[in-house]
Structures are given as structure tokens and as C-alpha cells.
Amino acid sequence: MPTVSTKIKVSRDGQYIMAVGTYKPRVRCFDTYQLSQKFERCLDSEVVTFEILSDDYSKIVFLQCGRFVEFHSQHGHYYKTRIPKFGRDFSYHYPSCDLYFVGASSEVYRLNLEQGRFLNSLQTEASESNVCDINPVHFLFAMGTAEGKVECWDPRTRNRVGLLDCALSSVTADTEIEGLPSISALKFDGALNMAVGTSTGQVLLYDLRSSNPLIVKDHHYGLPIKSIQFQHQLDLIISADSRIIKMWNKDTGKIFTSMEPEHDINDVCLYPNSGMLMTANEAPKMNIYYIPVLGPAPKWCSFLDNLTEELEENPESTVYDDYKFVTRKDLENLGLAHLIGSSLLRAYMHGFFMDIRLYHKAKMMANPFAYEEYRREKIRQKIEETRAQRVQLKKLPKVNKELALKLIEEEGEEQQFSKKRKQKNLPSLLKDDRFKVMFENPDFQVDEQSEEFRLLNPLVSKISEKRKRKLKILEELEAQGQEEEEEPEGKASDAESSESSDDEKGWVEEVRKQRKLLRQEEKLKRQERLKEDQQTLLKPQFFEIKEGEEFRSFKDSAKKQKLMKKTLEDRLKLEEKLGTLNVSDTTVGSKQATFKLKKSEQQRKQQEAEKRHRQERKTLRRSASHLKSRRGRGRLFH
């Protein structure tokens, strides 16, 4: 609906679902067989309630808020009439073709659709009536009043045959009621059962043979009950107020389940003989719920059963839920670099995915005291948090002390300059929550011995020196009373540019020095490693071979790794030399490549044995043919 849907109902043949709403007032009909909207009709005023008289959508009656009763046929609008008072609900009596209207009056208006005229109305004791319903078995007419009573009438004699005081029965020891409860919902179930909903949020289940309710169920929200439905397969009652839908057993009153939609509920409709539930609510979209426990899916959406079965049998899980992403460096630290290329690692982007259980085992073996370190770190953080609540003296953080000291000095200089110029101070990095971890977590400690720091430090120091010079120059300008844009006396812009060029030269020289130092350090490290390698004695290692496998040299894996590192061009050239690849030009202009699969040692041995066998057979055949020819010559001679 454009804004709000107020009522929703299903036709008796189950093919059409009809809903009314605003704004503008309209009715929409949906064809379940086609899974699409059949039609939409706009109305003159808002619909209070409606009823589908036929098995399909061909006969519909709308009760509108302006006392209008509008009849629609298959083609559209058919007839329109008015009732004397504002109507709130109506019911259709099939045997006599009478429409019973209740509303803001003590009378119940009767409109006969066969004769096409109003009949004598029923005079009740109520000042106003809110809801009504007709029993589908013996056609007893019941109406709920504003005084909290239910009056039952016999349509054949037009006399009242019963009166139930539901307001008095709804008050129990557990309920708290403010004001007089009026009847807001009414529904028959079979010949003898009737459920009544009150404006204070209670649902009463009656047997028509008794004036006392069998069960009183409280929603505990104090909101009027808007809809009551019966579910016969599990003997449930589905009651709904504007906030919640509750399903409970009609014999014991035990809650089966409940649902709280996001928006307020206006009406609830249970699709016949299924587990589908539809709601009209204070939102453009009408909600549809499928609960497999209540029943199967309707035949027009039977695929829902398959979906729910698949969800139950195979709960979906993310592909890499049980895997840990590690880089090549992480594998080297864990001592698992030899697993690269095996089925235990899945190559992905710049690293690998490995089983989380294997990762935890390897981590425990590599660093068995990791948990103790983690525990100590957590205890330290807790102690630091408690210390932070005390009165603190100004002191440097434990992590990145030099950087913090540098920032404090720079902030002090900038604050002095901003005070003189009457400018606002910029926020401090030390107090900013975004950079707080940099001065708390040891993982963010700046390594001054690293190559990156040593190459960037000359540039950073030069920039800080430049900034200090600019601050001094600006202070001198202000002291002399000159404007900010003017240049200081005795110094031209050319001098500034020459100074900047000198600074750049000095910075380049410092960077070169640092690079030379780094190279020398690397050479020393290599020499130390060579000495250590020469001093270490290699011990023999024993490997267990699985059953059914043959021993091969350790060089095969090294060869494979070298081949994998080579480019495709190099690999193709190598295969051409070995004779496993043949590239030739075709007549059309394209190239043709033929590959020969590499043979294993077993295949080679087998082929060699076959060759020997063939040669032996050939020699035997030749010797046999030679003997035959000699015998033939001897016979001819004799």
C-alpha cells in the first residue's frame, strides 16, 4: 500500500488475497496462481472493514467510514447505499442473504440483498456495538458491545437468546485493568466455542453452554485485541493486538510462540490449511510469515517447504569460518613454511588460508607461554585503567616516549604563537582517542634501528627545523609590528630559496650516509651468519616413509620449487629441450603446441620391459622362419 494497510482477507477458494488501505483509499487484489496483482481499485472514502461474499473476488461488500456501504462485482463498482449511523463492523447471513451492521447505535441494521431493501432492525440494550460475527454451523448472531457484553441473537426469530458479561469475567487476580473493558474482537470456532477479545488486552474463550469463560489469556500490554484466529491442527488460538501476535494452546493456555513486528498491527489473516500468516500493519509493506510447524506451505508457494528443509538440514556457514589467514612470514615464524604447496594451505591473495586448529597447535608449540603473556598484558591493562581514575601527574607515556616529548614541545610552541595571534588551539594528538593506542600498545613502538626510520629521520628532523625557523621569523615580524605577509628586513625571497636548496643537499647527503651504514651492517650480518653456518654440525635426519610409497631423492621438491619460481617462457623453453613440448606454425598463421606427459619411473620400467619382450619375440620369429626354410630345402634335395 502507499502508506498503511488496514484489513487483509483470503477468498474461500484460496486463489485471491485482498487488502484495503490508504492513502488514497484503495483495494488491491492479488492472484496467488499468477503470483501477481490482479487489479487495484480506488475508493471515495476509507474502508472500515470488508467481506468477500463469493468464492472468488466477484462479490465484495465494503463498509466505509462515511456511513457508506459499497458493493463491487467482477467488473468494478456496482452499487452504493448508506446506513443511518456510522458503522464499525458487519456480518453476512448466508441462509437469508442478510447483512447485519453494528456501529454507533443501539440498533443492528439489516439489509437484505435478495430483496434489495432494509428490513426491521434489531433493538439491543447496548448504547454502541463494536464487533459482530455469525456462527458458521447454526448461524447464531453475536455482537460485542461497548459495555463489555456479548449479546447472542437468533436470526430466525429475531430474538435475543443469550447475554454474556465479559467485562466482569475478564477481571482476574493477575490482571490490572484501567477503566471498563469493551469488546474489540469476536470469533466463533465450530458450533460451541467462541473467543472474545477486550479493549484492555484480554482474550476469553467460552463454551456457549456456559456463562463462565474456560480460559482468560492476558496480553499484558493493555492494548485492544484486534484479531482472533483459530488454528485447528495444533489446537492453537492466534490473538493479536497492535504490538504483538501470540499463539497459545486453547486447552491449557500455554504460550506456543509470539511475534513482535517492527510496525503496529491492524489485522491478521491465517491462510487456510497452511502455516502462512499475513498481517496488515502501519507500513506500506504487508508482512508475511511462514511457520512450518503450523502446517505446510500453500500449493502456490510449495517451494517454501524445500527452502525450510534445506535450512534445517544444512545450516549455512561461511566458506572460511574455520580457517585462519596467514602470510609467508607468519608461516616462517610458526615453522610451517614447508607446507607451502600442500593441501593444508590454500593460496589466497598475498598469503594462505589454513585450518584454525592446525594454526592454534602450531602457535602453542612455537610459543607455549603465549597465554601467560596475554594474561599478564590484560592484568597490566586493568591496572592502568584503575590508575587512570586517580589524580595523575603530567608524565610521558611508556610507549613512544620520544615521539610524545616531541609532540608536547611542538604543541607548547604552537600554543604560545596562537595566544599571541588570538587563534584557537588545535586538538592534541596525545589526547585524541584515535591515536591513543599508539602511546599504549607496545606493538606501535617506533623502531629507531629499522631501515625505514633511519632513512626518513633526516627528512623529519629537517622539516622540524624549518618549522622552528618559520615560527621564530613570524615572532620577529609580530614584535616589529609588521604584517604577516611582509618579508623580514635584510632577507629576500631568493635567500629563502637558497636556504631551502642547501637544506635539501644536506638531507641528501645524510640519507646517503645512512644507506652506506645500512649496507655495511648487512655485510657484517652475512659474515656472522656464514661463520655460524660453518661452525654448526649437520646431524642426520630420519624420515618415515608411508606404506605403498617409493623413496625418491630430496632434490625433486627443490627442483619443483625452482620451476614454480621461473616464468612461463623459461618453463616452455626447458620443456622444448627435454622434448615434452613441440610448438609449430600452422598454415593459417596461428601456432600449434603439443605436449607429452612426463612418465614416472614405474611407467618407464614397464615400457623398457615391453620393448625387451618385443625384441625377444622378433628374434624367436626370425629363428623359427629360418629353420622352416632349411627343412624345406632338404626335402627338395632328397
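**Exercise 1. In this predicted model, find the residue that stands opposite Leu-236 in β23.**

Solution. Start with the two strands: β22 covers residues 236-240 and β23 covers residues 245-249. They pair in the antiparallel sense over five bridges. Now look across from Leu-236, and you meet Asn-249 in β23.

**Exercise 2. Place this pair of strands in its sheet: what is the strand order, and which strands are at the edges?**

Solution. Step one is the order, which reads β21-β22-β23-β24 in an open sheet of four strands. The pairing is antiparallel. Step two is to look for strands that pair on one side only: these edge strands are β21 (227-231) and β24 (255-259). To finish, follow the twist, which averages 15 degrees from one strand to the next.

**Exercise 3. Work through the sheet that contains β7 in the same way: which strands are its edges, and which residue in β8 stands opposite Phe-68?**

Solution. Here the order is β5-β6-β7-β8, again an open sheet of four strands with antiparallel pairing. Its edge strands are β5 (47-52) and β8 (77-82), each of which pairs on one side only. Neighbouring strands of this sheet are turned by 20 degrees against each other on average, with direction ignored. Next, zoom in on β7, residues 68-72: five bridges join this strand to β8, and the two run antiparallel. Within this pair, Phe-68 stands opposite Arg-82 in β8.

**Exercise 4. Look at the backbone of Arg-67: where is this residue found, and what is its phi?**

Solution. First locate Arg-67 in the loop between β6 (60-64) and β7. Its phi is positive, at about 65 degrees, although Arg-67 is not a glycine. For context, most residues other than glycine have a negative phi.

**Exercise 5. Which peptide bonds around Tyr-23 are cis?**

Solution. Keep in mind that most peptide bonds are trans. Go to the loop between β2 (16-22) and β3 (26-31), where Tyr-23 is found. Take the bond that joins Thr-22 and Tyr-23: this one is cis, with omega about -15 degrees. Then step on to the bond from Tyr-23 to Lys-24, which is cis with omega near 10 degrees. Lys-24 is also found in the loop between β2 and β3.

**Exercise 6. Which side chain meets Glu-40 in a salt bridge, and how many salt bridges are there in the count?**

Solution. The rule asks for a side-chain nitrogen of Lys or Arg within 4 Å of a carboxyl oxygen of Asp or Glu. The side chain of Arg-26 meets that of Glu-40 at 2.6 Å, N to O, so the pair satisfies the rule. Glu-40 is in strand β4 (residues 36-42) and Arg-26 is in strand β3, so to speak distant parts of the chain, 14 residues apart. By this rule, the count comes to 15 salt bridges.

**Exercise 7. Which residues gather in the patch of positive charge on the surface?**

Solution. Collect the arginines: Arg-512, Arg-515, Arg-519, Arg-526 and Arg-529. Then add the lysines: Lys-513, Lys-516, Lys-523 and Lys-525. Among them, Lys-525 has its place in helix α8, residues 493-535.

Notes:
Residues numbered from 1 in each chain as written. Predicted model: local features only at pLDDT ≥ 70, side-chain atom pairs only at ≥ 80, totals over all residues. Heavy atoms only, no water. Pairing = 2+ DSSP bridges. Axes fitted to C-alpha atoms, helices over the stretch in contact; angles between N-to-C directions. Patch = residues over 30% accessible without salt bridge, like charges linked within 9 Å, V, L, I, M, F, W, Y side chains within 5 Å. Areas by Shrake-Rupley, 256 points an atom, 1.4 Å probe, with all protein chains shown as cover. Lys, Arg positive; Asp, Glu negative; His and termini not counted. Charge placed at Lys NZ, Arg CZ, Asp CG, Glu CD.
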